[in-house]
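User: Please give a close reading of one part of this structure, covering its fold composition and its backbone details, and set it beside other places worth examining.

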Amino acid sequence: MLSAFRLAARSSPLLRSGAGIRPTLKTLPLRSSVRTVATKRFTKEHELLSFDDATSVGRLHITEHAAESLGDVVFVELPAVGREIEKGESIGAVESVKAASDIYAPVSGTITKINEALNDRAGLMSSAPEGDGWLCEIEVKDPSEVESLLDEEAYKTFCEEDH
Amino acid sequence: MSRSARLSGIIQRHSRQTLTSCSSSRRALGNVRLFANATGDLKKTALYDFHVASKAKMVPFAGYSMPLQYGAVGQVASHQHVRNEVGLFDVGHMVQSIIRGPSATAFLERLTPSSLHALNPFSSTLSVLLNENGGIIDDLMVTKHSDQEFYVVTNAGRRDRDLTWITEQLRIWNEGRDDKVELEILEDWGLVALQGPKAAEYLQKLTDADLKPLTFGRAAHITVGGVKVHVARGGYTGEDGFEISIPPEHTVGLTELLTQPPVQLTGLGARDSLRLEAGLCLYGHDLNEQTSPIEASLNWLVAKNRRESGDFIGAETVLKHLKEGPPRRRVGFTVEGAPAREGAEIISKENEPIGKVTSGIPSPSLQGVNIAMGYVKNGYHKKGTEVQIQVRNKPRKAILTSMPFVPTNYWRG
């Protein structure tokens, strides 16, 4: 049933050929060697972006909170590797038996990787949404966009208020 | 543009989408709030406290606060439990009534296209209330007790419309006649559905009545756990099962007795996926007042002799649709690539829009298969026809597939 997902992954434009779009050394900040902790940022769409400012790559997840609400995830549709995305744009979908929900780009950038493990195990999104059930990696165009997202505290408050 | 939804709507919307007023097919994860809190002005069934104590996640449905699922049991597991063992649903939100009087059969044959005079006592049938244009006001279960008494179950979400309609039709019917008909609503009576291949074995242990002769579509007054109840064999899952109507004072006690292992409490989520696999319609989604029973592919509900007599409300349209073919028909699909949800557009191979999906899910029983039902233009309704369904702006290949998607498992003796 994940054929569309595969299709999406396969149909990635030629951009996939890589090196040109990968972050190059010059993007590394000088202090990168001492920074190993990824920054966790959240969106009101219940997404989590785990951002490594050494590489400018963010890994996108849905939050535990979202996973719990969705129920059993049975299908995920992800963007093609190499696709350039605009903040706020729909880049895929997560489907449970109950319903489908869009995945929105939390920041602008380029998709550099998708989680192939979800091909066979969409359930990872339910069991480990903020871990092995990640969706894709985004090379972030403007790291200041990451800073403007919610931090963990603000997200928690948002969830509580939303209740 | 409203084709999709953000993660931020999911919690609230999923549940509503599951069974109530789903208008657009996809939603976002966000609006958790409505979901959790909008229970203030909602009605409760007799089992509300029982659900809460059983760790149900309560959601608004048809004006009631109803269980979506229980504890940590996910929708898929809950669904499978009913397919493989036995589950119990609270359907006490539905409207139970008795229609009685010397001319009750003729009255109900005016309101429905069913052949009720020919129905055996203590037998049930699915039927429809039709408006003057032949549109479906509601679908309902009618159980005949005698020529002068019928037990009727209608949808909670159609309560006001149905009762206003029936009351008005009664007024007209009773005008100037002696053999009057009356409507009694069984307010506060409990209604639970025990469903699954192990339902009969479980219920048999609680009653002296022999359940074997009570085949699919039959009903009886029997004593279960010391309580006299009305039992109709059937349900809304495609499995063997019983719909049990319980006097108000016994609803909680008897439900406790009916929910011991292996029976699992089952919520609206699994109810929706079970009924869709069985090819059964959900009013407000797959049926509405603009749809005739022939368009809905419910031709079998219009009895042969009623086609000849044509003396029911809405007959003109129904007979026309039977004779000339309806403009569109309800069909089933299997969809490749992604599940098609309510509202998704159906496109012919020639790229013409030919209809819309009214219900759709990834099937929990047929793993890896996305199933859906919807309406297509007459002519495109043949089994095996290939069409495309738009999901997230991409056409997905879909094949017209006969329903039920999962074979039914009714007890026919």
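Analyst: Helices (H or I, at least four residues) and strands (E, at least two) are DSSP runs, numbered from the N terminus. The model is predicted: local features need pLDDT of at least 70 and side-chain atom pairs pLDDT 80 or more, while totals for chains, interfaces and linings use all residues. Residues are numbered from 1 along each chain as its sequence is written, chains are lettered from A and ligands numbered from 1 in the order written, and side-chain values use heavy atoms, without hydrogens or water.

The part chosen is the stretch 328–406 of chain B, which an unreviewed UniProt entry lists as "domain: Aminomethyltransferase C-terminal" (positions follow the numbering used here, feature names are shortened, and annotations may be inferred rather than shown by experiment). Over residues 328–406, chain B is 0% helix and 54% strand. The C-alpha atoms at the two ends of this stretch are 24 Å apart.

Within strand S18 of chain B, which spans residues 370–377, one finds Ala372(B). Ala372(B) counts as buried because its relative accessible area is 0% (buried is under 20%, exposed over 50%, partly exposed in between, with a 1.4 Å probe and protein chains only). Ser359(B) is 13 residues from Ala372(B) along the chain, yet 5.5 Å separates their C-alpha atoms.

Two backbone details follow. Asn393(B) occupies the loop between strand S19 (386–391) and S20 of chain B. Although not a glycine, Asn393(B) has a positive phi, near 65 degrees, and its relative accessibility of 55% places it among exposed residues. Strand S20 covers residues 394–401 of chain B, and Pro404(B) is in the segment after it. The peptide bond joining Met403(B) to Pro404(B) is cis, with omega near 0 degrees.

Elsewhere in chain B, a cis peptide bond leads from Pro261(B) to Pro262(B), with omega near 5 degrees. Pro262(B) sits in the loop that links helix H8 (251–258) to strand S14 (264–265). Ala62(B), not a glycine, has a positive phi of about 50 degrees. Its loop runs between strand S2 (56–61) and strand S3 (64–70) of chain B, and at 22% relative accessibility Ala62(B) is partly exposed.

Chain A offers another annotated stretch: residues 57–139 carry the UniProt annotation "domain: Lipoyl-binding", again from an unreviewed entry. Here the chain is 13% helix and 42% strand, and the end C-alpha atoms are 4 Å apart.
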